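Please open the model in your viewer and keep the sequence panel beside it. The stops below suggest what to select next and say what is to be found at each one.

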Amino acid sequence: MATTETAYAKINLALHVRRGREDGYHELETLFAFVDAGDVLSASPAAADSVTTLGEFAGGLDNPFDNLVAKALNALPRPQRVAVTLEKNLPVAAGLGGGSADAGAVFRIIEALHGLPDDWQARAAKLGADVPACVLSRTHIGLGTGTEQLAVEDDLAGTPVLLVNPRVPLSTGPVFKAWDGIDRGALPEGSASDIARGGRNDLEAPAMSLCPVIAEVLAALQDSAPWLARMSGSGATCFALYDTPEARNAAAAAMPAEWWTMAGRLR
């Protein structure tokens with residue numbers, strides 16, 4: 001019998017880049033949130049671990065046996081091997097934490113089947129800075145490289161959200177290199193909605209310098225009268241938050257047909 005998990009799309013409602021670190025990463029302050037849609041993983045008991053990838057964006061992955069799904073399986077001790085099918089619905093290199101979300105879903109699958117080891121967070125962090133957050137897939141503040149988690153008053157659960165990507169992949173490394181290095185200050189305090197409204201994404205400008213169509217996506221979203229529109233992560237996906245599903249759906253219908261869209265709600 002298959003065990004199925006959604007790899008919830010990750011968005012950064014705010015992302016403040018504070019300073020460079022000696023290890024080559026940057027000190028970040030971010031407000032993570034998760035959409036109630038994303039990739040879908042199904043796992044069944046098998047004689048050996050395997051990963052089969054299908055879906056719209058399956059072709060954007062490298063060797064599926066070397067992706068984060070396989071690495072997450074290898075990171076977790078368990079008595080049973082599994083065959084995993086990954087339905088890749090999220091664009092790759094899109095600022096949605098797709099690979100990290102997939103790894104997080106693997107952790108939840110193994111938790112449901114066998115439980116997780118006490119050091120699961122350390123194992124997740126070795127796979128990527130966003131993976132521990134994606135295992136939990138709930139709104140919270142991320143510090144450090146994103147692996148340090150702080151609770152926040154979540155007054156945004158259920159908020160209608162629209163994700164839009166111009167179908168242009170954008171790697172994280174070049175975006176950070178294009179950042180101007182200016183520390184523009186900490187996240188504001190308050191509830192999730194307070195932080196989202198008062199925050200910013202410090203990677204928007206460098207991402208736009210590398211991928212100018214992001215500005216067109218943001219402008220189209222802002223024209224749809226959301227209460228917030230912003231780029232997620234290092235781009236190129238942007239999101240908008242609305243008061244009603246009807247407003248979100250109307251906005252989705254107005255987006256250019258060649259852009260990828262996903263409508264949902266915040267978890």
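Two residues are in contact when they have heavy atoms within 4.5 Å of each other. With that cut-off, residues 24 or more positions apart account for 75% of the contacts in the chain with a separation of 6 or more.

Before going further, note that this is a predicted model, in which local features need pLDDT of at least 70 and side-chain atom pairs count only at pLDDT 80 or more, whereas totals for chains, interfaces and linings use all residues. Residues are numbered from 1 along each chain as its sequence is written, and side-chain values use heavy atoms, with hydrogens and water left out.

**The whole chain**

Select the whole chain and colour it by secondary structure: there are 9 helices and 10 strands, where helices (H or I, at least four residues) and strands (E, at least two) are DSSP runs numbered from the N terminus. The C-alpha trace spans about 50 × 45 × 35 Å along its principal axes. A compact globule of 267 residues would have a radius of gyration near 18 Å, and the chain agrees with this because its own value is 18 Å; the radius is taken over C-alpha atoms, and the globule rule is 2.2 Å times the number of residues to the power 0.38.

Now switch to a surface. The chain exposes about 11,300 Å², of which carbon and sulfur atoms supply 49%, with areas from the Shrake-Rupley method and a 1.4 Å probe, and with only the protein chains shown counting as cover for residues. Of the 267 residues, 52% are buried, where buried means under 20% relative accessible area, exposed means over 50%, and partly exposed lies in between (1.4 Å probe, protein chains only).

To look at charge, select the 21 positive and 32 negative side chains, two sets whose centres lie 3 Å apart. Lys and Arg count as positive and Asp and Glu as negative, while His and the chain ends are not counted; each charge is placed at NZ of Lys, CZ of Arg, CG of Asp or CD of Glu.

**Strand β5 and its partners**

Select residues 140-144, strand β5, which is largely enclosed by the rest of the structure because 4 of its 5 residues are buried. Add residues 26-46, strand β2, and you will see it pair with β5 in the antiparallel sense over 5 bridges; two strands are taken to pair if DSSP finds at least two bridges between them. Within this pairing, T30 stands opposite G142.

Next add residues 148-150, strand β6, which is antiparallel to β5 and joined to it by 3 bridges. Which residue of β6 stands opposite G142? In β6, the residue opposite G142 is Q149. The hairpin of β5 and β6 has 3 residues between the strands, and G146 takes a positive phi near 110 degrees there.

**Strand β10 and its two faces**

In a regular strand the side chains alternate between the two faces of the sheet. Show the side chains of residues 260-265, strand β10: W260, M262 and G264 point to one face and are buried, while T261, A263 and R265 point to the other and are not buried. Strand β7 (residues 160-165) pairs with β10 in the antiparallel sense over 6 bridges, and N165 has W260 as its bridge partner.

**Two helix positions**

Move to D102 in helix α2 (residues 98-114), which counts as buried because its relative accessibility is 3%. Leaving out residues up to four places away in sequence, D102 touches A7, D39, L41, V69, L86 and K88.

A220, in helix α8 (residues 213-222), counts as partly exposed at 22% relative accessibility. With the same exclusion of residues up to four places away in sequence, A220 touches M255 and W259.

**Loops and backbone geometry**

Select A93 in the loop between β4 (81-87) and α2; A93 has a positive phi of about 55 degrees although it is not a glycine, and counts as partly exposed at 32% relative accessibility. A225, in the loop between α8 and β8, is likewise not a glycine and has a positive phi of about 60 degrees; A225 is exposed, with a relative accessible area of 62%.

Between β8 (228-231) and β9 (238-241), centre the view on the loop that holds A236. A cis peptide bond joins G235 and A236, with omega about 10 degrees.

Finish at G185, in the loop between α5 (172-178) and α6 (192-198). Apart from neighbours within four places in sequence, G185 is in contact with H16, R18 and R200. G185 and E29 are 156 residues apart in sequence, and their C-alpha atoms are 9.6 Å apart in space.
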